[in-house]
Amino acid sequence: MRAAVAAFAIFCALSSVVYLINDVADRDRDRQHPLKKHRPIAAGTLPVGVALVTAAALGTAAITAAFLLGSGFGLVATAYLALMSFYSWPLKHIVIIDVLTIAIGFVLRAVGGAAALGVVFSHWLLVCTILGALFVALAKRRHELTLLADGATSHRPILGEYSAHLLDQMIAIVAASTLIAYTFYTISQRRWTSSAPSGWS
């Protein structure tokens, strides 16, 4: 139980680091967004320097705590922070890769939970997680495209690579795939692998 709570707290801290980094990188574009312009960094109430120092301190503390919890969990936590930080700059500007990166971030959280507890995980769990996260990410892109209308590309340039029709098709495909994967997950007679990866406990 303690390991689960600690892992949860560590990933909350890492997510906070990612949000700080992302808000710093997007502060100029966020000022053009009807809702995001009120965020502390975009609004100017939280200085960029303070945000970056806080992110560095929080990230260092979280990664240190992750390795104290276990080497396997520490590696997953580090991979998550590196991937999501990389997303805040180049990856979020590459069509399809942007939503896939978000989905992989959720998969790493699931894998991290298994690593922290020293338990094995099902491949179906990973499939359902990445599909569910893809559905949420695509739906978010669809909402932004609708909400921002003609100003969508000025806020998030990658939205120019998407269209409402394309996103609707992708959301429908991912939703159907998620339902099918979850169905197989629930009826599978062998949900869990026979042994945990070495070094994860």
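**Entry 1: cysteines**

I began by searching the whole structure for disulfides, and the search came back with zero. Since this is a predicted model, I note that result as one about the model. I then looked up two cysteines by their accessibility: C12 has a relative accessibility of 35%, so I put it down as partly exposed, while C128, with a relative accessible area of 14%, is buried because that value lies under the 20% cut-off.

**Entry 2: the chain as a whole**

Next I looked at the secondary structure, and I counted nine helices and zero strands in the protein chain. Reading along the sequence, I wrote the pattern down as α-α-α-α-α-α-α-α-α. The C-alpha trace spans about 50 × 40 × 25 Å along its principal axes, and of the 201 residues in the chain, 40% are buried. I also looked up how far apart in sequence the contacting residues are: among contacts between residues at least 6 apart, 69% join residues at least 24 apart.

**Entry 3: the nonpolar core**

Which residues have the most contacts inside the largest nonpolar core? I found L14, F73, Y80 and L138, in a core that has 47 residues. The elements that give two or more residues to this core are α1 (2–25), α4 (48–69), α5 (71–87), α6 (97–117), α7 (123–148) and α9 (164–187). The largest share comes from α1, which supplies 10 residues.

I then followed Y80 in more detail, leaving aside residues up to four places away in sequence, and noted that Y80 touches F11, L14, S15, V18, G105, L108 and R109.

**Entry 4: α1 against α4**

Two packed helices are described by the angle between their axes and the distance between the axes. For α1 and α4 I wrote down an angle of about 155 degrees, with the axes 9 Å apart. Angles over 145 degrees count as roughly antiparallel, and therefore α1 and α4 are described that way. Their crossing is left-handed. On the α1 side, the residues that meet α4 include A3, A6, A7, I10, L14 and V24, and among their partners in α4 are V48, A51, L52, A62 and L69.

**Entry 5: α1 against α5**

How are α1 and α5 arranged, roughly parallel or roughly antiparallel? The angle between α1 and α5 is about 20 degrees, and their axes are 9 Å apart. That angle is under 35 degrees, so I recorded α1 as roughly parallel to α5. The crossing of α1 and α5 is right-handed. Among the α1 residues that meet α5 are F11, L14, S15 and V18, and the α5 residues in this meeting include F73, V76, Y80 and M84. I noticed L14 in the lists for both pairs, since L14 is among the α1 residues that meet α4 and also among those that meet α5.

**Entry 6: two single residues**

Where does I96 lie? I located I96 in the loop between α5 and α6. Its backbone caught my attention, as I96 has a positive phi of about 70 degrees although it is not a glycine. With a relative accessible area of 31%, I96 is partly exposed.

Last, I looked up F184, which has its place in helix α9. F184 counts as partly exposed, because its relative accessibility is 43%. Although F184 and W124 are 60 residues apart along the chain, their C-alpha atoms are separated by 7.9 Å.

Key: Residues numbered from 1 in each chain as written. Predicted model: local features only at pLDDT ≥ 70, side-chain atom pairs only at ≥ 80, totals over all residues. Heavy atoms only, no water. Disulfide = S-S within 2.5 Å. Buried < 20%, exposed > 50% of the residue type's maximum accessible area, 1.4 Å probe, protein only. Core = buried A, V, L, I, M, F, W, Y, C linked by side-chain atoms within 4.5 Å. Helix = DSSP H or I, 4+ residues; strand = E, 2+ residues; numbered from the N terminus. Contact = heavy atoms within 4.5 Å. Axes fitted to C-alpha atoms, helices over the stretch in contact; angles between N-to-C directions. Parallel < 35°, antiparallel > 145°, perpendicular 65-115°, else oblique. Left-handed = near helix turned anticlockwise from the far one by under 90°.
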